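Q: Could we go through this structure together, one topic at a time?
A: Certainly; please begin wherever you like.

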Amino acid sequence: MTRPKSYIICTSPRSGSTMLCKLLAATKVAGHPASLFHQPSIEAWLKDYALDATPYASRQAALAGILEAARVRGRGETDVFGLRLQRGSVAFFLDQLRILFPDRPSDVARIEDAFGPTIFIFLSRRDKLDQAISYIRAEQTGLWHRNADGTILERQGIRREDGFDLMAIRAQMAEFAGYDVAWRSWFDAQSIRPLDLSYEQLTQEPQRHLADILRALGEDSAIAQTIPVQTAKLADEISRAWRARFVSETA
């Protein structure tokens, strides 16, 4: 079997992907995974990689330049490329690969032309209620991630407190469930057998599941035991109160 040269974390927001990306990067052998194609815009990609569109003679040429910059960033100082792909970014990303590799027969073939032999990690969250509450609270407060020591890792936007909204939570749960279905459908259509991992499994035994991924990549799985978790959970008393209220009002 050909040793994988890349991996894609196939996920949706608030599923533990930041935690997993940081664990993988900290191994120093598994790339520097991130949302390298997050915005559905060629212009946004060029800006993100500090590339000037002027030298490129065509869209295909610009995409080739972006792809090379992404490969460098996603590898870090290693030989392995890592990519986090949120479900909402998938369609545009795959469309651009079709422009770059128009003669290839499938999405997987185009991905492997771009990044080499690839494994796919399906990272989802079983508890859709907690996932929805986490997402809505992050949107309201602007606080998306904390470091393990409690300091702020990522804060966006202006803090606002809209409060509990049962319909918004229900709609967000449905959206996240739909993302999981869409991922599964794509895996089936592409004959992909992903490495399945849930948020709940990852947070309970992070080193064990990190070791599984390193093993799948052909790297030394023992490295995982030396890697500490670098992020902290954001759930608090307000999150728990929202959950209890939702359960009560929908009983």
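**Strands, helices and cysteines**

A: To begin with one pair in the sheet, N147 stands opposite T231 in β7. Strands here are DSSP runs of E of at least two residues and helices are runs of H or I of at least four, both numbered from the N terminus.

Q: Before going on, what kind of model is this?
A: This is a predicted model, in which local features need pLDDT of at least 70, side-chain atom pairs count only at pLDDT 80 or more, and totals for chains, interfaces and linings use all residues. Residues are numbered from 1 along each chain as its sequence is written, and side-chain values use heavy atoms, with hydrogens and water left out.

Q: Back to the sheet: how many bridges join β4 to β7?
A: Two bridges join β4, residues 143-147, to β7, and these strands run antiparallel. Two strands count as paired if DSSP finds at least two bridges between them.

Q: And in which order do the strands lie?
A: The order is β5-β4-β7, in an open sheet of three strands with antiparallel pairing. β5 (152-155) and β7 (231-232) are at the edges with a single partner strand each, so one side of each has no neighbour in the sheet.

Q: Which helix lies across β4 and β5?
A: That is α6, residues 128-141, which runs at about 100° to β4. The axes are lines fitted to C-alpha atoms, for helices over the stretch in contact, and angles run from 0 to 180 degrees between N-to-C directions.

Q: T141 is in α6; is T141 buried or exposed?
A: T141, found in helix α6, is buried, with a relative accessible area of 8%. Buried means under 20% relative accessible area, exposed over 50%, and partly exposed in between, with a 1.4 Å probe and protein chains only.

Q: New topic: how many residues does α10 have?
A: Helix α10 (residues 237-249) has 13 residues, and from first C-alpha to last it reaches 18 Å, close to the 18 Å expected at 1.5 Å a residue. The expected span is 1.5 Å times one less than the number of residues.

Q: Which residues of α10 are buried?
A: They are S239, W242 and F246. These residues cover an arc of only 60° around the axis, which puts them on the same side of α10. The arc is taken from the directions from the helix axis to the C-beta atoms.

Q: What is on the face turned away from there?
A: The face of α10 turned away from its buried side carries the exposed residues E237 and S248.

Q: What covers the buried residues, and what does S239 touch?
A: The cover of the buried residues of α10 includes α6 and α7 (166-189). S239 is buried at a relative accessible area of 12%. Leaving aside neighbours within four places in sequence, S239 is in contact with I133 and R137; contact means heavy atoms within 4.5 Å.

Q: Where is A216 found?
A: A216 is found in helix α9, residues 206-216. A216 is partly exposed, with a relative accessible area of 34%. Beyond its neighbours within four places in sequence, A216 is in contact with P4 and I119.

Q: Last topic: how many disulfides are there?
A: A search of the whole structure finds zero disulfides, a disulfide being a pair of cysteine sulfur atoms within 2.5 Å. C10 is in none, and the nearest cysteine sulfur, that of C21, is 12 Å away.

Q: Are C10 and C21 buried or exposed?
A: C10 is buried, with a relative accessible area of 0%. C21 is buried, with a relative accessible area of 5%.
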